[in-house]
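The following exercises guide a reader through one protein chain. Please study the sequence and the model before attempting each task.

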Amino acid sequence: MMKNKGLIASVVVIIAVVIGFFIYQTMNTPAKTAKKAEDKVQTVGILQFVSHPALDTITKGVKDALKEAGYKEGKNLKIVFQNGQADQSKLATMSQQLVDKKADVLVGVATPAAQSLANTTKDIPIVLGAVTDPVGAKLVASLDNPGGNVTGVSDQPPVASQIKLGKELLPDAKTVGMLYSSTEVNSKYQVNEASKTAESLGMAVKEYPVASTNEIAQTVQVMSQNVDFIYIPLDNTIANAMQAVVGEANKSKTPIITSVDTMVEQGGLATVGIDQYTLGKKTGQMVVQILKGADPSVTPVYTFKEGVTVLNEKQAEFLGIQIPDNLKKEAQIVGNK
């Protein structure tokens, strides 16, 4: 009888332990589920229009911003990167591929890439990276209230300041030539703004639109004989062929005022521009906001209030241009290596 009582007691203890363990597991299940939710893998699709230093730097900034916010590839982040290499048909195909990957957020680096993504989906949030005129490109209703699934960062440069800088460095300049792609809407907008400033400073303006990179070398040759300096807006076609532009312009020692710092590093004379890495990081920070639940329709497009003066001292020496001391003190100097 005593043995039976001991057996019964042991069974009761075992049952109590099992029940206790079951209750403990049940009580802790929500916490574990929450932890798994935090570790959910988010997918970010990046579509870059073409490869050149400015856009490559922006994409790097996007990735670094995600990493700094705690999103790590292989852990809680998957990045699907596509590069259209300036081919419109590829952009359309790649946009559909990114949508099919069920990305949580899409990033369009440069206007054509952003437009392609926007034409492909009205549901997945899209963050603009380096789009000069989002309203003019019909990507958002307004900068303050985008109104759809698109928001992001505008790289609209201080065009007036760039032309004024050109005139300050080249006080005797009477004619400025505008080199840009006829196929890029954002470029024409900037050229119109730059022309107004140039004319207000007493300079004549000559426009030289090109349809493709194949026309650039010959066009620059013609420009060099007819203008005192060349102005290049934020234009992906020209940026992609910047070495060819510099090579031809250097033959006649024709200065180039650009709209982006990376193009100054490649042989332009100067710019007042937005640091491309900073632009990329800001884009990445907006991606993080969207991943955490921000609504793109009411998230204002970010615009930079002022730019940084960048001067290529080596190029100035080659061109025989004396940089005023006051500009040297304020500017970021490149080209000394």
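## Exercise 1. The open sheet

An open sheet is built from 6 strands in the order β2-β1-β3-β4-β5-β11, with parallel pairing; two strands pair if DSSP finds at least two bridges between them. The edges are taken by β2 (77-83) and β11 (302-303), each of which has a single partner strand, so one side of each lacks a neighbour in the sheet. Helices (H or I, at least four residues) and strands (E, at least two) are DSSP runs, numbered from the N terminus.

The model is predicted: local features need pLDDT of at least 70, side-chain atom pairs count only at pLDDT 80 or more, and totals for chains, interfaces and linings use all residues. Residues are numbered from 1 along each chain as its sequence is written, and side-chain values use heavy atoms, with hydrogens and water left out.

Task: Follow the pairing from β3 to β11, and state which bridge partners occur on the way.

Solution.
- Step 1. Strand β3 (residues 105-109) runs parallel to strand β4 (residues 126-129), and 4 bridges join them. L106 has I126 of β4 as its bridge partner.
- Step 2. Between β4 and β5 there are 4 bridges, and these strands run parallel. The bridge partner of G129 in β5 is V153.
- Step 3. β5 pairs with β11 in the parallel sense over 2 bridges. Here S154 stands opposite T303 of β11.
- Step 4. In strand β5 (residues 150-154), 5 of the 5 residues are buried, so this strand is largely enclosed by the rest of the structure. Buried means under 20% relative accessible area, exposed over 50%, and partly exposed in between (1.4 Å probe, protein chains only).

## Exercise 2. One residue of β1

Task: Is V44 buried or exposed, and which residues does V44 touch?

Solution.
- Step 1. V44 belongs to strand β1 (residues 42-48).
- Step 2. V44 counts as buried because its relative accessibility is 0%.
- Step 3. Leaving aside residues up to four places away in sequence, V44 touches L77, K78, I79, V80, V105, V107, V287 and L291. Contact means heavy atoms within 4.5 Å.
- Step 4. Although 57 residues separate V44 and K101 in sequence, their C-alpha atoms are 9.5 Å apart in space.

## Exercise 3. Helix α3 and helix α4

Task: How do α3 and α4 pack, and at what angle?

Solution.
- Step 1. Helix α3 (residues 88-100) packs against helix α4 (residues 111-120) at an angle of about 50 degrees, and their axes are 9 Å apart. Axes are lines fitted to C-alpha atoms, for helices over the stretch in contact, and angles run from 0 to 180 degrees between N-to-C directions.
- Step 2. α3 is therefore oblique to α4. Angles under 35 degrees count as roughly parallel, over 145 as roughly antiparallel, 65 to 115 as roughly perpendicular and the rest as oblique.
- Step 3. On the α3 side, Q88, L91, A92, S95, Q96, L98 and V99 take part; they meet P112, A113, S116, L117 and T120 of α4.
- Step 4. The residues of this contact of α3 with α4 comprise 7 nonpolar, 5 polar and no charged. Ala, Val, Leu, Ile, Met, Phe, Trp, Tyr, Cys and Pro count as nonpolar, Asp, Glu, Lys and Arg as charged, and the others, Gly among them, as polar.
- Step 5. α4 is mostly covered, with 7 of its 10 residues buried: T111, P112, A113, A114, S116, L117 and A118.
- Step 6. α3 also lies across β1, β2 and β3, and runs at about 175 degrees to β1.

## Exercise 4. Strand β6 and its partner

Task: Which residues point each way from β6?

Solution.
- Step 1. In a regular strand the side chains alternate between the two faces of the sheet.
- Step 2. T175, G177, L179 and S181 point one way from β6, whereas V176, M178 and Y180 point the other way.
- Step 3. Strand β6 (residues 175-181) is mostly covered, as 7 of its 7 residues are buried.
- Step 4. β6 pairs with strand β7 (residues 204-210) in the parallel sense over 7 bridges. Within this pair, L179 stands opposite Y208 of β7.

## Exercise 5. The whole chain

Task: How many helices and strands does the protein chain hold?

Solution.
- Step 1. The protein chain has 13 helices and 13 strands.
- Step 2. Of its 337 residues, 50% are buried.
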